[in-house]
Amino acid sequence: MALSRRLLLGRLAATGAAGAALTAGAGPAGAAQPADGGRRRVHTGFDRLAADGYRLLDGQKVGIVTNPTGVTPDLRHIVDVMHADDRVRLTAVFGPEHGFRGTAQAGGSEGRYDDPATGLPVYDTYNKSGQALADIFTASGVDTVVFDIQDVGARFYTYIWTLYDCMVAAVLAGKRFLVLDRPNPVTGRAASGPVLDKAYASFIGREPIAQAHGMTVAELALLFNGEFVPQAAGRPVELATVRMTGWRRTDFYDTTRLPWVPPSPNMPTPDTALVYPGTCLFEGTNLSEGRGTTRPFELLGADGIDRRWAAAATGLALPGVHFREAYFAPTFSKFQGKTIGGVQLHVHDRAAFDPVRTGIGLLVTAKRVWSGFAWRPDHGIDRLTGSATVRTMIDAGAGPDEIVAAWQQDLTRFRAVRRRYLRYP
């Protein structure tokens, strides 16, 4: 690797902690030779950190924010790997939503405990931010906080806001911060969807980014540090990133030759991640978003919906996707144990598929064909979409094209900001 820890920290000090990326000496990202029918071996940030003997962590007490997705290509957990390696001094683990070992369902965590496999203290970061989270970092005694979690590319997936909150807390606690990169499983081709209005900020959207951000976690960390952390914490965090090699912005997850570990209980496959930025919007309605089935976010429905919804959705001629009339009985969550009707999404051209536009089209048609349609009473849809615009336009009878047009100006501005922080071809 090209940068030593001393040189890295010197550059951080010189640049106001704008972020540093560890780059391979063998050529640019994406230069790996194609293999296995055109697929390339992607090396994650952790792969490259370990291959360099953890030099960026030399002499430091390290704590890591991770979950079951923090694995090597042969599916060993990185905490177990680091704990067994004398070259790194791992002293603490920080668990996000669902927990470090992934035992909790949505909206839950594992609490504070000692990990049975390693004996390391595991601290709970879920729903903690600001000084409360900084106090956890201080109590842990670590010098550097490392982040390594597989994201899925949607603004309302909470791990990126755990990243943001931990960066802010690291400033307050005086800790260094290192982000180990992993692929955006649905590509990094473009940002799409509405941009968050800060008036609707929550743990499923702290800052104004697009609903489908089209970035990796390391790129997001650089954006957060350049645009938002100084406003929240008074100054940027002392940030370093370790980039992947072999990944290109057009790559879907199944081209990476990396194993898929579900980032959360209802994200079982990369196919789920592909539709999630659009169909998660149904969490803001009284329809089932498919939780409690084997195809969450691909199956949508409610009691009283019939074949008319699939027909109406098909009539929108949305690119890359077919809609099948479907019937299913969720084993938990909405309509538990009850057979309901709805649709199943079948993406047949993922390069053409637009998940956010599709989600809007499905909301519009569901309201038109089913008299029982209702928003959640707490207007959770507004937090998911980032404002009241989508809800009020649908209620007023607007169609998908009109709704999508309403966010284009904000999206264009976000894309211009995003472009400055992209690090892969």
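Is serine 333 buried, exposed or partly exposed? Keep that one in mind while we walk through the model, which is a predicted one; we'll select the residue towards the end.

**The whole chain**

Start zoomed out, with everything shown as cartoon. You're looking at 14 helices and 13 strands. The radius of gyration is 21 Å, close to the 22 Å that the globule rule gives for 425 residues, so the chain is as compact as a globular protein of that length. Turn the view along the principal axes and the C-alpha atoms fill a box of roughly 65 × 45 × 40 Å.

Now colour by burial. Of the 425 residues, 58% are buried. Switch to a surface and you have about 15900 Å² exposed, with carbon and sulfur atoms supplying 50% of that area. Colour by charge next: there are 47 positive and 41 negative side chains, and the centres of the two sets lie 4 Å apart. As for how the chain folds back on itself, take the contacts with a separation of 6 or more: residues 24 or more positions apart account for 74% of them.

**Stop one: E2 and E3**

Select residues 61-66. This is strand E2, and five of its six residues are buried. Add residues 89-95 to the selection and you've got strand E3, which runs parallel to E2 and is joined to it by five bridges. For a specific pair to click on, try lysine 61, whose bridge partner in E3 is arginine 89.

**Stop two: valine 179 and its surroundings**

Jump to residues 176-180, strand E7, and pick out valine 179. With a relative accessible area of 0%, valine 179 is buried. What does it touch, leaving aside residues up to four places away in sequence? Show side chains for Phe147, Leu163, Val217, Ala218, Ala221, Leu239, Ala240, Thr241 and Val242.

The last four of those names lead us to strand E10, residues 239-242. E10 pairs with E7 in the parallel sense, over four bridges, and threonine 241 in E10 is the residue standing opposite valine 179. In a regular strand, side chains alternate between the two faces of the sheet. Look at E10 from each side: Leu239 and Thr241 are on one face, Ala240 and Val242 on the other, and all of them are buried, so both faces are covered.

Before leaving, draw a distance from the C-alpha of valine 179 to that of arginine 243. The two are 64 residues apart along the chain, yet the line comes out at 8.6 Å.

**Stop three: glycine 304**

For a contrast in distance, select glycine 304, in the loop between strand E11 (299-302) and helix H9 (307-314). Glycine 304 counts as partly exposed, at 46% relative accessibility. Now draw a line from its C-alpha to that of valine 93: 46 Å in space, with the two positions 211 residues apart in sequence.

**Last stop: the E12–E13 loop**

Back to the opening question. Serine 333 lies in the loop between strand E12 (321-328) and strand E13 (340-347). Its relative accessible area is 36%, so serine 333 is partly exposed. Check the backbone too: phi is positive, about 70 degrees, although serine 333 is not a glycine.

Then click phenylalanine 335, which is in the loop between E12 and E13 as well. Here phi is near 60 degrees, again a positive value in a residue other than glycine. Phenylalanine 335 has a relative accessible area of 23%. Since buried means under 20%, that value makes phenylalanine 335 partly exposed.

Technical notes:
Residues are numbered from 1 along each chain as its sequence is written. This is a predicted model: local features need pLDDT of at least 70, side-chain atom pairs count only at pLDDT 80 or more; totals for chains, interfaces and linings use all residues. Side-chain values use heavy atoms; hydrogens and water are left out. Helices (H or I, at least four residues) and strands (E, at least two) are DSSP runs, numbered from the N terminus. The radius of gyration is taken over C-alpha atoms; the globule rule is 2.2 Å times the number of residues to the power 0.38. Buried means under 20% relative accessible area, exposed over 50%, partly exposed in between (1.4 Å probe, protein chains only). Contact means heavy atoms within 4.5 Å. Accessible areas come from the Shrake-Rupley method with a 1.4 Å probe; for residues, only the protein chains shown count as cover. Lys and Arg count as positive and Asp and Glu as negative; His and the chain ends are not counted. The place of a charge is taken as NZ of Lys, CZ of Arg, CG of Asp or CD of Glu. Two strands pair if DSSP finds at least two bridges between them.
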